[in-house]
Amino acid sequence: MKKMDPSELTIRPFHLLDKEWGLLATGKEHPNLMTVAWGGFGTIWNKPVVIIYVRPTRHTFSILKDQPEFTLNIMPETYRKALEICGNQSGRTVDKWKAAGLKALNSDVVTVPRVDGADLSFECRVIASFIVDPVRFLDKAIEKLYPERDYHTAFVGEVCAVWATDRFCP
Ligand SMILES: Cc1cc2nc3c(=O)[nH]c(=O)nc-3n(C[C@H](O)[C@H](O)[C@H](O)COP(=O)(O)O)c2cc1C
């Protein structure tokens, strides 16, 4: 795995999170893991960013509010079971690192760890967040995704460092 410039990554943005899923790590003292499938990669305010969407009911949400940093990690296919565990159990009651057999790696820039074994890891500092406002839904079908009215918060993370294996390098 090597550190690289985000502009040199070869990723398929519409495949990566939707089909492969990502492992979001948050928290410094007691880091937590959560599987995510919604999010995006791009540029805003002249910075490369990763945007993730977290419902307020997640343990991850409370951690992010206190400590606005995260790492987003893309794992090889062999980690699918680990991703299922991290997407169905809560860090409030379970140590998901242990439950999913995952190991933390020190990040270079942020205080939140990366996940050992990842093919791609983004180290991000949250520079803005905003709540998805249902008043703005032009497609009324979106509202059906919120029977509990627990609208996501978007966390915009400035990419501070990127690590990738050959899979994501040109
Ligand atoms: C494939 C998959 C994708 C998910 N994507 C998201 C997501 O993008 N945002 C979100 O808030 N929850 C998402 N979840 C649900 C959380 O991962 C799940 O509720 C988790 O248990 C929350 O953990 P926490 O309470 O430790 O934060 C997803 C779950 C799965 C299985």
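Among contacts in the chain between residues at least 6 apart in sequence, 70% join residues at least 24 apart. The model examined here is a predicted one. The chain contains 4 helices and 10 strands, and from the N terminus on these elements follow the order β-α-β-β-β-β-α-β-α-α-β-β-β-β. Along the principal axes, the C-alpha atoms occupy a box of roughly 45 × 40 × 30 Å. A compact globule of 170 residues would have a radius of gyration near 15 Å, and the chain agrees with this, because its own value is 15 Å. Of the 170 residues in the chain, 34% are buried.

The pairing of strands was considered next. Strand β10 (residues 153–164) is joined to β9 by 11 bridges, and the two strands run antiparallel. Within this pair, Arg125 has Glu158 in β10 as its bridge partner, and Phe130 is matched in β10 with Ala154. Strand β10 also pairs with β5 in the antiparallel sense, over 6 bridges; here Val50 stands opposite Gly157. A further antiparallel pairing links β10 to strand β1 (residues 2–4) through 3 bridges, with Met4 opposite Val162. Strand β9 (residues 120–131) in turn pairs with strand β6 (residues 69–74), again in the antiparallel sense and over 6 bridges. In that pairing, Thr71 stands opposite Glu123 in β9. In a regular strand the side chains alternate between the two faces of the sheet.

The nonpolar interior was then described. The largest nonpolar core has 38 residues, and those with the most contacts inside it are Leu23, Leu24, Leu33, Ile52, Phe70 and Cys124. Two or more residues of this core come from each of the elements β2 (22–26), β3, β5, α2, β6, α3 (80–86), β9 and β10. The element that gives the most to this core is β10, with 6 residues. With neighbours within four places in sequence left aside, Leu23 is in contact with Leu33, Thr35, Asn73, Met75, Leu83, Cys86 and Val115.

A residue of helix α2 gives a second view of the interior. Leu64 lies in this helix and is buried, because 25 other C-beta atoms lie within 10 Å, where 20 or more are required. When residues up to four places away in sequence are not counted, Leu64 touches Thr26, Val54, Phe70, Val126 and Phe155. One of these, Phe70, is also among the residues with the most contacts inside the largest nonpolar core. By contrast, the C-alpha atoms of Leu64 and Pro147 are separated by 24 Å, the two residues being 83 apart along the chain.

The surroundings of the ligand were examined separately. Of the 19 residues around the ligand, those that come nearest are His59, Thr60, Gly87, Ser90 and Gly91. The elements that give two or more residues to this shell are β3 (32–36), β5 (47–54) and α2 (59–66). Strand β3 gives the most to the shell, with 4 residues. By class, the residues around the ligand comprise 7 nonpolar, 9 polar and 3 charged residues. The elements β3, β5 and α2 are also among those that give two or more residues to the largest nonpolar core.

Two residues in loops were noted for their backbone angles. Most residues other than glycine have a negative phi, and most peptide bonds are trans. Trp21 has a phi near 70 degrees, which is a positive value in a residue other than glycine. This residue, Trp21, is found in the loop between α1 (13–20) and β2. Trp21 counts as partly exposed, because 19 C-beta neighbours lie inside 10 Å, whereas a buried residue needs 20 or more. The second case is Arg149, whose phi is near 55 degrees and is likewise positive in a residue other than glycine. Arg149 is found in the loop between β9 and β10. With 7 C-beta neighbours inside 10 Å, Arg149 counts as exposed, because the limit for that class is 12 or fewer.

Technical notes
Residues numbered from 1 in each chain as written. Predicted model: local features only at pLDDT ≥ 70, side-chain atom pairs only at ≥ 80, totals over all residues. Near = placed C-beta within 6 Å. Nonpolar A, V, L, I, M, F, W, Y, C, P; charged D, E, K, R; others polar. Pairing = 2+ DSSP bridges. Core = buried A, V, L, I, M, F, W, Y, C linked by C-beta atoms within 7 Å. Contact = placed C-beta atoms within 7 Å. Rg over C-alpha atoms; globule rule 2.2 N^0.38 Å.
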